[in-house]
Amino acid sequence: MRWREDFPVRWDEDNYMTRRELAKFLTLGSGLLASVNGLIAFIGLRREIPATPAITIATAARVPPGTSLVFHYPTADDPCILVRDRSGRFEAFSQVCTHLSCAVVHRADQQTLACPCHNGSFSSLDGRPLAGPPTRRLPRILIEQRGADLVATGIEV
Amino acid sequence: MSELAFFIDYSRCIGCQACVQACEECDTHRGRSLIHLETIERRDSVQTAPQVCMHCEDPICARVCPADAIKQTAEGVVQSSLKPRCIGCSNCVLACPFGVPKYDGEVDQMMKCDMCYDRTSTGRRPMCATVCPSGALAFATIDEIMRTRQGRAINEWQFGDERVRTKVFVLVPTEVVRVTVPVIPMSSLKRRPPLPDPYDVAAILEMH
């Protein structure tokens, strides 16, 4: 009976793991773990940093002071939010909350970007987390004003 | 010198309960006696008999355990149930032909004699054998027993069709080769109501 071989009545027939087997397992397991970590790091270093093209978002006149505008940068899958404070200064951030990736919304009266999912809150001036679960700041989108147009030129993580 | 072994000489038992008390003192199960002191035909006789675990070579208690809780050491000592494994099903209680394992509801576990494994594994004698004043329980070499006792030490039993060999020896008259216990078939029990036990002293006292 197979199960009786696995669960023998006698102590000395029990298949206990030897010290050498355990040491072998630990060494090989640790080695495998270390090499896979190195491989992942190598792939991460080799990966090309996505290009950040200059993209025209909108005309400055479309965003009056105290309002915001959602746009996509650098690709159509990356939602961002352009905020113009009351003094007329433009700032732009990724719209993806750094906690669990919900979309943040602009609260002009508090000068914050609020995440409704877990009541997280970021400053709309520099993207720092102010309250709630997020601990990392929102990536900032660099904005340049070229004539009447607003142009996104890069990401500052 | 031959190996130390456990010998039971039922005819020498005087029923003093010293073994029962000594068993309670054992470190592995302190306060709980695991030896059974049986009365034999109590109405007519004062004969008693100590019953320790016989430590079968092929322990049926361990064979029937569904939780793999009863283990046998390399020396052939059948251990008490392992606390983390025993599920209290009492399969072993029903299976043992000697009636040794007992289910203890308080700890929800089967406990039985393990021949004082903490003592015998380091060369000391089991608690019960150290205190028995009449030598009914003895932990000695076979040579010593043969020199000092009459009769023969055997370790073979026959229960119906099943032959059992045990690690513990019993002393029997010289002409006995193995102890044979006939088994009453269940079918014969069904046909008639069970007879009252003539040696149930409590029942006898109630009648008078």
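**Figure 1. The largest nonpolar core of this predicted model has 45 residues.** Six of its members touch the most others: B:Phe6, B:Cys19, B:Cys23, B:Val52, B:Cys128 and B:Leu137. Several elements of chain B give two or more residues to this core. The helices among them are α1 (18–24), α2 (60–64) and α5 (127–131) of chain B. The strands are β1 (4–8), β5 (109–111), β6 (137–141) and β8 (162–172) of chain B. Strand β8(B) gives the largest share, five residues. In soluble globular proteins, nonpolar side chains tend to be buried together.

**Figure 2. A close-up of B:Val52 shows its contacts beyond the sequence neighbours.** Neighbours within four places in sequence are left aside here. B:Val52 is then in contact with B:Phe6, B:Ile8 and B:Ile35. Its other contacts are B:Cys113, B:Cys128 and B:Val168. Two of these partners, B:Phe6 and B:Cys128, are also listed with B:Val52 among the core residues that touch the most other members.

**Figure 3. A second, separate core has 18 residues.** Its members include A:Tyr73, A:Cys80, A:Val104 and A:Leu150.

**Figure 4. Chain B combines eight helices with nine strands.** Chain B has 208 residues, and 30% of them are buried. Consider its contacts between residues at least 6 apart in sequence. Of these, 52% join residues at least 24 apart.

**Figure 5. Chain A has two helices and ten strands.** Along the sequence, the two helices come before the strands. Of the 157 residues in chain A, 19% are buried. Among contacts between residues at least 6 apart in sequence, 33% join residues at least 24 apart. The predictor's confidence in chain A averages a pLDDT of 90. A score of at least 70 is reached by 99% of the residues. Confidence is highest in helix α2 (residues 19–46) of chain A, at a mean of 95. It is lowest in helix α1 (residues 2–6) of chain A, at 82.

**Figure 6. Six strands of chain A form an open sheet with antiparallel pairing.** The order across the sheet is β1-β10-β9-β4-β3-β2 (chain A). Strands β1 (55–59) and β2 (68–72) of chain A are the edges, and each pairs on one side only. From one strand to the next, the twist averages 30 degrees. Inside this sheet, strand β3 (residues 79–84) of chain A pairs with strand β4 (residues 90–94) of chain A. Five bridges join the two, in the antiparallel sense. One bridge links A:Ile81 to A:Phe93 in β4(A).

**Figure 7. Another open sheet of chain A has four strands.** Their order is β5-β6-β7-β8 (chain A), again with antiparallel pairing. The edge strands are β5 (105–107) and β8 (129–131) of chain A. Each of these edges pairs on one side only. Neighbouring strands are turned by 35 degrees against each other on average, direction ignored.

**Figure 8. Bridges link the strands of the four-stranded sheet pair by pair.** Strand β5(A) meets strand β6 (residues 112–115) of chain A over three antiparallel bridges. Here A:Val105 has A:Ala114 as its bridge partner. Four bridges join β6(A) to β7(A), also antiparallel. In this pair, A:Thr112 is bridged to A:Ser123. Strands β7(A) and β8(A) run antiparallel and share two bridges. The partner of A:Ser121 in β8(A) is A:Ala131.

**Figure 9. Two hairpins and an alternating strand are seen around β7(A).** In strand β7 (residues 120–123) of chain A, the side chains alternate. A:Gly120 and A:Phe122 point to one face and are buried. A:Ser121 and A:Ser123 point to the other face and are not buried. The hairpin of β6(A) and β7(A) has four residues between its strands. In this hairpin, A:Asn119 takes a positive phi near 60 degrees. The hairpin of β7(A) and β8(A) has five residues between its strands. In its turn, A:Gly127 has a positive phi of about 85 degrees.

**Figure 10. Chains A and B meet through a contact of eight residues from chain B and five residues from chain A.** On the side of chain B that touches chain A, three residues are nonpolar. Two more on that side are polar, and three are charged.

Key: Residues numbered from 1 in each chain as written. Chains lettered and ligands numbered in written order. Predicted model: local features only at pLDDT ≥ 70, side-chain atom pairs only at ≥ 80, totals over all residues. pLDDT = per-residue confidence, 0-100. Contact = placed C-beta atoms within 7 Å. Nonpolar A, V, L, I, M, F, W, Y, C, P; charged D, E, K, R; others polar. Buried ≥ 20, exposed ≤ 12 C-beta atoms within 10 Å, placed from the backbone. Pairing = 2+ DSSP bridges. Axes fitted to C-alpha atoms, helices over the stretch in contact; angles between N-to-C directions. Core = buried A, V, L, I, M, F, W, Y, C linked by C-beta atoms within 7 Å.
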